[in-house]
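This report describes selected features of one protein model for a reader who is new to structural work. Please keep the sequence and the three-dimensional view at hand while reading.

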Amino acid sequence: MAPAAGPAKARILAVDDDERNLLAIGEVLAPIGEVVCVQSGEEALRALLKEDFAVILLDVLMPRLDGYETAGLIRQREQSRRTPIIFLTAINKEDAHMLRGYDAGAVDYVFKPFDPAMLRSKVAVFVELHEKTLEIQQKAAAEQRLLAQALQAQKEKLEAERALRSAQERQHAILSSLPVCFHARAAEPPFGASFVTEGVERLTGFPPERLTSDPGFGLSRVHPDDLPRVREVLLAAKAAGSYTCEFRWQCADGNYRIFLDQGVLSNGSDGKEPEILGTLLDVTERRELENQLLQSQRLDAIGKLTGGLAHDFNNLLAAILSGLGLLERHAEFDGQTRQVLELTRRSAKQGAELVNRMLAFSRRQTLRPQAVRLAALGDTMNGLVAPVLGGLIRFDWLVDDTVWPAHVDASQLELALMNLVFNARDAMPSGGTIIVEAQNRTLGRAAEDISAGDYVVVTVKDTGSGIPADILAKVVEPFFTTKPVGKGTGLGLSTVHGFVKQSGGTLRIESTVGSGTSVQLWLPRSIERPVEIPEKSDADDSVVNAGEDYPSVLLIDDSNVLRELTVQSLRQHGFAVTCAAGGAEALAMIERAPYDFDVIVTDFAMPLVSGLEVIRFARNLRADWPAVMITGYADADAIAGRPPDVPLLGKPLRDKDLVESILAAAARAGSQKARQAQPVKGGYRFST
């Protein structure tokens with residue numbers, strides 16, 4: 001292994017044009033340094049550009065560039081201006097020459113011939129001084145490096161501490177923003193908490209110290225019904241190694257919140273007792289949303305069920321009402337028999353009204369929305385409710401023309417208001433006041449139950465007994481009622497709710513026990529011009545003069561009884577009718593003879609092929625084929641696809657409505673026979 005190299009010798013620059021002097025200087029100074037010999041000032045300057053020297057021995061007299069000039073140039077260079085210069089001279093011993101040398105930067109003079117010991121002594125002083133200077137510089141540089149390293153280490157430490165604090169603050173912010181807290185507690189009853197994060201205060205309203213200072217505090221706030229199960233789960237954690245439980249916990253505001261508590265058992269170490277490490281998560285809103293979803297699914301299932309039942313009931317009721325009409329036209333009845341017939345018809349119509357309520361709840365009724373001026377309903381409502389409210393109840397209609405028109409089905413709105421007024425009446429057995437008012441409202445952004453836009457809010461208020469808070473959320477459920485058995489169907493508010501939601505609005509209820517109830521109907525604003533609400537008439541033109549110019553009809557219905565009764569009724573009105581027992585049979589008849597029928601009258605809901613599909617198929621053969629659709633169950637999505645010129649009639653229907661719809665459909669398609677039909681008292685007359 002080579003020995004470690006010692007420190008490099010100091011370099012001495014000897015400048016003399018006499019080679020012998022240089023050789024002598026090299027021999028004398030070799031023991032104290034590395035001598036670099038040059039023979040001119042130019043070579044000396046070049047050497048100084050490459051290396052640093054401890055001392056310079058400079059001959060005064062040299063050709064071209066003498067010692068004084070060379071010294072002046074050396075002093076002008078930043079790197080060499082502090083290098084000691086010893087002049088060598090043999091002749092310039094006068095004071096003037098020496099002063100000039102000192103002015104040029106010399107530190108000493110050596111006269112030729114020089115004494116070797118004196119030369120070595122003088123040079124050795126400057127060499128030693130140079131070496132000491134280098135040593136000091138090296139030590140200073142080492143100290144600077146150590147200081148820089150210490151400062152860098154301190155900087156890195158500060159940055160690490162700052163990063164740690166930042167991570168802790170970020171972790172604290174994240175934990176504080178989450179509806180969860182972390183905890184550690186004893187594995188034995190009463191399972192006292194030894195550590196709880198600050199997030200518990202946001203969840204419960206209690207600071208962590210409140211739970212850690214009292215071992216029994218946590219379990220003392222658990223709902224009494226949940227406490228035995230919580231104890232059992234925590235005790236079982238020792239054997240299972242983990243646990244999960246959900247319970248109600250009473251917070252600082254006195255309300256119970258639902259918490260999900262999950263954790264694992266940590267085995268004790270270093271003599272410590274085992275403890276439970278876990279998380280506490282507030283799942284109150286989640287459970288409420290799940291309950292709302294279940295409620296919505298349940299209501300949707302009931303809605304589908306009621307919609308399907310309504311279809312079958314409408315077919316039965318339509319058959320009953322059609323049969324009663326045929327009986328009246330075929331036979332003469334005495335007074336008592338006619339009274340029985342009228343009572344039967346009234347019961348069938350009440351059944352039809354109940355079915356319509358079921359359809360309203362399931363939001364599958366057929367609505368005909370239009371611009372309705374609400375102030376115009378005042379006279380109608382006063383006339384309808386006055387006979388049934390009695391003398392103890394005051395009815396105030398406070399709706400004027402400052403209220404925007406609403407985009408709703410006018411007849412269904414009347415039924416909804418009647419339902420609300422009757423509910424208000426039943427809530428005030430000892431009398432009171434019912435007020436109906438309306439105001440314009442604009443929602444800038446969507447709410448949970450309604451989208452943004454302009455609305456007319458119709459409010460029905462009473463001064464009755466009010467509705468308890470635990471029942472308020474259930475009053476719009478179908479078949480829910482607080483009335484005694486036989487006094488209510490439980491469909492009133494649910495049908496109103498279904499009608500309003502189907503119209504694009506919402507229903508909101510506020511109630512205070514002992515003070516009364518306020519029900520708000522949020523109805524979409526109409527931008528159209530309001531139309532006058534026509535007066536209703538129960539008259540039914542049951543007799544029509546027969547004529548061979550009536551349009552021929554293809555009647556399609558899968559209900560045998562209803563189809564036969566409708567055929568007889570239409571034939572009595574003078575129509576030539578061909579029947580099909582379903583959509584598939586009708587398609588075959590239409591394809592076989594597309595010009596044998598002027599108008600298609602079809603039921604909507606039929607197995608295999610619906611009435612809508614029959615009309616679409618027929619219009620592939622004849623684009624303007626007149627058609628009328630009848631339904632006892634209107635599915636919104638399917639009916640929305642029907643052509644706009646196809647009228648939709650709901651079961652049960654009046655003969656007059658069916659006849660007028662057939663003639664109107666034929667007239668829109670340009671039927672010559674339909675244009676010749678003229679309405680007359682008791683029926684229609686056709687000119688030829």
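## The loop between β6 and β7

Phe191 lies in the loop between β6 and β7. The model is a predicted one. Although Phe191 is not a glycine, its phi is positive, at about 60 degrees. Is Phe191 buried or exposed? Phe191 is counted as buried, because its relative accessibility is 4% and the limit for buried is under 20%.

The two strands on either side of this loop, β6 (residues 180-186) and β7 (residues 193-196), run antiparallel and are joined by 3 bridges. One of the paired residues is His183, whose bridge partner in β7 is Val196. The hairpin made by β6 and β7 has 6 residues between its strands. Pro190 is also placed in the loop between β6 and β7, and the peptide bond leading from Pro189 to Pro190 is cis.

## Cis peptide bonds

A second cis bond is found in another loop, the one between β5 (106-111) and α5 (116-177), where Pro113 is placed. The table sets out the two bonds.

| Cis peptide bond | Omega |
|---|---|
| Lys112 to Pro113 | near -15 degrees |
| Pro189 to Pro190 | near 5 degrees |

## Another positive phi

Leu608 is not a glycine, yet it has a positive phi of about 70 degrees. Leu608 is placed in the loop between β20 (599-603) and α18 (611-621). Leu608 counts as exposed because its relative accessibility is 82%, and the limit for exposed is over 50%.

## The sheet and helix α13

An open sheet of 5 strands follows the order β12-β14-β15-β17-β16, and its pairing is mixed. Its edge strands, β12 (393-398) and β16 (506-512), each pair on one side only. From one strand to the next, the twist averages 20 degrees. Within the sheet, β14 (residues 432-443) and β15 (residues 453-462) pair in the antiparallel sense over 10 bridges. Ala438, for example, has Val458 in β15 as its bridge partner.

Helix α13 lies across β12, β14, β15 and β17 (516-524), and runs at about 170 degrees to β17. The N-terminal end of α13 is capped by Asp409, which has a side-chain oxygen 3.2 Å from the backbone nitrogen of Gln412. How does the length of α13 compare with what is expected of its 17 residues? At 1.5 Å a residue the helix should span 24 Å, and its end C-alpha atoms are 25 Å apart, so the two values agree. Buried residues of α13 include Leu413, Leu417, Leu420 and Val421.

## The nonpolar cores

In soluble globular proteins, nonpolar side chains tend to be buried together. The largest nonpolar core here has 39 residues, and Leu374 and Leu521 touch the most other members. Helix α13 (residues 410-426) supplies the largest share of this core, 8 residues. Beyond its neighbours within four places in sequence, Leu374 is in contact with Trp397, Val399, Val403, Ala406, Leu413, Val456 and Val458. Another core, of 24 residues, lies apart from the largest one, and has Cys181, Val196, Phe206 and Cys245 among its members.

## A buried threonine

Thr566 belongs to helix α16 (residues 560-572). Thr566 is buried because its relative accessible area is 14%, where the limit is under 20%. Residues up to four places away in sequence aside, Thr566 touches Leu555 and Leu658.

How values were computed: Residues numbered from 1 in each chain as written. Predicted model: local features only at pLDDT ≥ 70, side-chain atom pairs only at ≥ 80, totals over all residues. Heavy atoms only, no water. Core = buried A, V, L, I, M, F, W, Y, C linked by side-chain atoms within 4.5 Å. Buried < 20%, exposed > 50% of the residue type's maximum accessible area, 1.4 Å probe, protein only. Helix = DSSP H or I, 4+ residues; strand = E, 2+ residues; numbered from the N terminus. Contact = heavy atoms within 4.5 Å. Pairing = 2+ DSSP bridges. Axes fitted to C-alpha atoms, helices over the stretch in contact; angles between N-to-C directions. Expected span 1.5 Å × (residues − 1). Polar contact = N/O pair within 3.5 Å; in protein donor to acceptor, adjacent residues only side chain to side chain.
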